[in-house]
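Here is a friendly walk through the model you are about to see. Have your viewer open and follow along section by section.

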There are 2 protein chains.
Amino acid sequence: MSDLTKAFGDRLRELRTKGGMSQEQLADAAGLHRTHISLIERDQRSVRLETLERLAAALRVQPHELLVGIKAGMKRR
Amino acid sequence: MSDLTKAFGDRLRELRTKGGMSQEQLADAAGLHRTHISLIERDQRSVRLETLERLAAALRVQPHELLVGIKAGMKRR
């Protein structure tokens, strides 16, 4: 995965725990599987924008808030 | 695709043209194929966070700026 997906996983966990939600509660609210949440938080699964959208809605934040403070690290293939 | 991926495609085109870049120039800078850029702008391809990261770096913006102003539309599966 990339620096951004790692930072995203950390950010997701931060917002989830700040909101007092378990991985299961977040998964239910977002219409995802709990394992999917766990994999994202541990940077072991690629995240699509559709998933980011579901997570933002479940956490009641705007989509860009899930990326605020995350800097781009330029990677070349 | 979702409301967010549609809005993302529009936002990408906006930032790209504002920066005076062609799809090919953006593709080169991001290490992606021009067709990939074209598909994203037309909301015909799912976007992963790794791709968003490359695009942000190529456009010299922070990752969250690609999503600013884009609202989440809650969708249930």
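## Terms and ground rules

A residue is called buried if 20 or more other C-beta atoms lie within 10 Å of its own, exposed if 12 or fewer do, and partly exposed in between, with C-beta atoms placed from the backbone. Helices (H or I, at least four residues) and strands (E, at least two) are DSSP runs, numbered from the N terminus.

This is a predicted model: local features need pLDDT of at least 70, side-chain atom pairs count only at pLDDT 80 or more, and totals for chains, interfaces and linings use all residues. Residues are numbered from 1 along each chain as its sequence is written, while chains are lettered from A and ligands numbered from 1 in the order in which they are written.

## Helix α4 of chain A

Let us start with α4(A), where ten of the eleven residues are buried, so this helix is largely enclosed by the rest of the structure. The buried residues are L49(A), T51(A), L52(A), E53(A), R54(A), L55(A), A56(A), A57(A), A58(A) and L59(A). They pack against α1 (3-18) and α2 of chain A, together with α1 of chain B. Just after α4(A) comes R60(A), which has a positive phi near 55°.

A58(A) is a good residue to zoom in on, and it sits in α4 (residues 49-59) of chain A. A58(A) counts as buried because it has 23 C-beta neighbours inside 10 Å. Setting aside neighbours within four places in sequence, A58(A) is in contact (C-beta atoms, placed from the backbone, within 7 Å) with L26(A), A29(A) and A30(A). H36(A) is 22 residues away from A58(A) along the chain, and their C-alpha atoms are 14 Å apart.

## How the helices cross

Two packed helices are described by the angle between their axes and the distance between the axes. Here the axes are lines fitted to C-alpha atoms, for helices over the stretch in contact, and angles run from 0 to 180 degrees between N-to-C directions. Angles under 35 degrees count as roughly parallel, over 145 as roughly antiparallel, 65 to 115 as roughly perpendicular and the rest as oblique. A crossing is left-handed if the near helix is turned anticlockwise from the far one by less than a right angle, and right-handed if clockwise.

Between the chains, the axes of α4(A) and α1(B) come within 8 Å and cross at roughly 120°. The two helices are therefore oblique to each other, and their crossing is right-handed. L49(A), E50(A) and E53(A) of α4(A) make the contact with L4(B), T5(B) and F8(B) of α1(B). These residues divide into three nonpolar, one polar and two charged; Ala, Val, Leu, Ile, Met, Phe, Trp, Tyr, Cys and Pro count as nonpolar, Asp, Glu, Lys and Arg as charged, and the others, Gly among them, as polar.

Within chain A, helix α2 (residues 23-30) and α3(A) pack at an angle of about 115°, with their axes 8 Å apart. That makes α2(A) and α3(A) roughly perpendicular to each other, and this crossing is right-handed. On the α2(A) side, Q23(A), E24(A), L26(A) and A27(A) meet R34(A), H36(A), I37(A) and S38(A) of α3(A). By class, the contact has three nonpolar, three polar and two charged residues.

## Where the two chains meet

At the interface, 26 residues of chain B are in contact with 26 residues of chain A. On the side of chain B that touches chain A, α1 (3-18) and α4 (49-59) each supply at least two residues. The largest share, six residues, comes from α4(B). By class, the residues of this side of chain B are twelve nonpolar, six polar and eight charged.

A rotation of 180° with 0.0 Å of shift along its axis superposes chain B on chain A, with an RMSD of 0.0 Å (a least-squares fit on the C-alpha atoms of residues with pLDDT of at least 70 in both copies). The two copies are thus related as by a two-fold rotation axis. Of the residues of chain B, R48(B) comes closest to that axis, at 2.1 Å for its C-alpha. Because 100% of the interface residues of chain B are also interface residues in chain A, the copies meet through the same surface.

## A positive phi in each chain

Most residues other than glycine have a negative phi. D43(A), which is not a glycine, has a positive phi of about 60°. D43(A) is placed in the loop between α3 (34-41) and α4 of chain A, and with 18 C-beta neighbours inside 10 Å it counts as partly exposed.

In chain B, phi of D43(B) is also positive, near 60°. D43(B) lies in the loop between α3 (34-41) and α4 of chain B, and D43(B) is partly exposed, with 18 other C-beta atoms within 10 Å.

How values were computed:
Two residues are in contact if their C-beta atoms, placed from the backbone, lie within 7 Å.
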